[in-house]
Structures are given as structure tokens and as C-alpha cells.
Amino acid sequence: MTLAIIGGSGLAALKGLEINRQQMQPTPYGEPSGPLTFGFLNNKEVVFLPRHGNPHVIPPHKINYRANIWALKKNGVDRIIGVNAVGGITGEMYPGRIVIPDQIIDYTWGRRHSYYEEDISEVTHINFTRPYSDTIRSKLIDTAGTIDLDIAGEGTYGATQGPRLETAAEIRRMERDGCDLVGMTGMPETALARELDLAYASISVVANRAAGKSDEEITLDMIEKNLSTGIRDVRKLLEASIPVILSD
């Protein structure tokens with residue numbers, strides 16, 4: 001059993017990871033975002049991959065999601081936690097909060113959403129009713145309770161195209177659709193993991209109130225400040241939960 005952490009904005013490296021080696025993995029779909037970093041965190045073997053590259057240079061709509069997920073599968077990964085920076089739409093999704101979403105709505109376009117596109121013998125439809133692994137989600141939520149970390153244990157992630165932020169009208173539409181969070185990297189990453197039979201869950205960090213949800217202007221400084229606070233809690237949660245996730 002091997003767990004991978006896909007780091008998003010604010011998590012280009014995994015502090016505390018005792019690195020064994022790094023490997024650039026060629027794939028049939030092109031190059032991943034960066035080299036896979038193999039190491040140990042709390043005496044458990046993990047693989048780390050920075051989604052946007054390191055340094056952070058790949059925008060959300062240009063990430064090679066297919067190569068990233070395939071490279072992890074090729075190296076024996078069977079469980080993935082994706083860390084995502086998001087905007088908070090509903091009131092309980094305030095800046096700095098950690099959320100373990102249970103549903104996702106896809107508003108992206110033009111991305112390579114499936115491995116089942118070329119050289120296939122039959123059309124394949126994955127069951128995506130529950131897009132995230134219930135097992136990993138439960139362990140993250142339970143572990144957060146044991147370390148007194150206040151998190152939201154559910155929420156619907158709305159995945160938008162980016163790289164621009166959304167308009168206030170777009171956020172109002174997403175709220176009507178049932179979205180609690182807005183981000184740019186949740187899809188197709190989540191679906192591709194399901195296509196390769198990898199258990200996948202997201203730890204989402206609220207970096208700002210979504211457009212139109214606050215009188216305060218959304219700025220890069222604001223986002224970085226809130227991410228800094230949230231990522232500290234993400235690290236605590238990962239350190240405590242990885243042994244639990246890999247216990248069976």
C-alpha cells in the first residue's frame with residue numbers, strides 16, 4: 001500500500017518528509033508536473049507530487065492531470081490525497097478552514113478528462129456517484145477530531161476552468177447549483193483517479209471568500225495569508241492521519 005500526496009497552491013513541498021529519492025516518470029500522456037518524491041512521513045512511505053510544479057508555474061487548465069495520475073499508479077500508489085486551495089461560497093466555508101468535500105460539480109472544459117478516449121475496444125463509464133473515497137474521508141475526519149482540529153466534514157466542490165477568478169454572478173449560480181466551494185484543480189483529477197481504481201480524497205483549504213461573498217477585495221496577499229494558516233493545519237492533519245490511512 002502506497003499513499004500519494006498531490007500538493008496544490010501553498011504546498012509545493014511536504015515538510016517533514018524524509019526523502020529517499022526523486023524520479024521523473026515518463027508516461028504515455030506526456031510529462032507529469034514534476035518529479036515524484038519518495039520518502040517517509042511518520043515512518044510511513046509516501047509519494048509527493050506538486051500539482052503546479054515546483055516552483056509554482058503550471059496554471060490549473062494546463063496541468064497534465066492524466067500524466068500525474070498515471071505516473072502515481074505506475075509507481076504502486078493505490079491511495080491519493082489531493083490538497084486543493086479553494087474559495088468559500090457558503091457561510092461555514094470561511095478563510096483558513098479545512099474542508100473534506102464529499103461531492104463535486106465540474107464546470108471545466110477543454111481538459112483531457114478521461115483515459116478512455118483513444119485506442120479503446122469499448123466505451124467505459126465509471127461509477128462516479130460518490131466521487132471521493134468514503135474510507136479515506138472518514139479517516140481524515142476522525143483523525144481531525146482526535147487532534148482537536150475543527151474541519152468541515154462535507155461540502156460540494158465546484159471545479160472551474162481558471163486561471164481567472166470567477167465573477168460574482170458565476171458564484172451565485174454555483175451556490176444555486178449546491179456548491180459550497182470553488183476551485184480550479186478538482187477535475188479531472190478526481191475522475192481520473194477513479195478510472196485507474198485509485199482511492200482518492202481531497203483536503204481543501206479555503207483561501208478566500210468567493211467573488212461577491214465579502215466586501216473585502218480578493219488579493220494575492222489575502223490568499224497567501226489564509227493559505228499559510230490553512231496549510232499549517234493541513235500538515236498537522238496529514239502527519240496524524242497518514243498512519244491511520246495506511247493501517248489496513
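In this predicted model, Glu-195 touches a small set of residues that sit further off in the sequence: leaving aside anything up to four places away, the list reads His-113, Ser-114, Tyr-115, Tyr-116 and Ile-126. Glu-195 itself belongs to helix α4, which covers residues 189–195. What about its charge? Glu-195 is buried, yet has no salt bridge. The nearest side chain of opposite charge belongs to Arg-66, and that one is 7.4 Å away. A salt bridge would call for a side-chain nitrogen of Lys or Arg within 4 Å of a carboxyl oxygen, so Arg-66, at 7.4 Å, doesn't make one with Glu-195.

Tyr-116, one of the residues touched by Glu-195, turns up again at the surface. Together with Ile-120 and Val-123, Tyr-116 makes a nonpolar surface patch of about 270 Å². Ile-120 is found in the loop that runs between β7 (103–106) and α2 (134–146). Its relative accessible area is 38%, so Ile-120 counts as partly exposed.

Another loop residue to look at is Asn-42, placed between β3 (36–41) and β4 (44–50). Asn-42 also comes out as partly exposed, because its relative accessible area is 42%. Not counting residues up to four places away in sequence, Asn-42 touches Glu-239, Ala-240 and Pro-243. As for Leu-17, this residue is 25 residues from Asn-42 along the chain, and the C-alpha atoms of the two are separated by 8.2 Å.

Key:
Residues are numbered from 1 along each chain as its sequence is written. This is a predicted model: local features need pLDDT of at least 70, side-chain atom pairs count only at pLDDT 80 or more; totals for chains, interfaces and linings use all residues. Side-chain values use heavy atoms; hydrogens and water are left out. Patches are made of residues with over 30% relative accessible area and no salt bridge: like charges are joined within 9 Å, nonpolar side chains (Val, Leu, Ile, Met, Phe, Trp, Tyr) within 5 Å. Accessible areas come from the Shrake-Rupley method with a 1.4 Å probe; for residues, only the protein chains shown count as cover. Helices (H or I, at least four residues) and strands (E, at least two) are DSSP runs, numbered from the N terminus. Buried means under 20% relative accessible area, exposed over 50%, partly exposed in between (1.4 Å probe, protein chains only). Contact means heavy atoms within 4.5 Å. Lys and Arg count as positive and Asp and Glu as negative; His and the chain ends are not counted.
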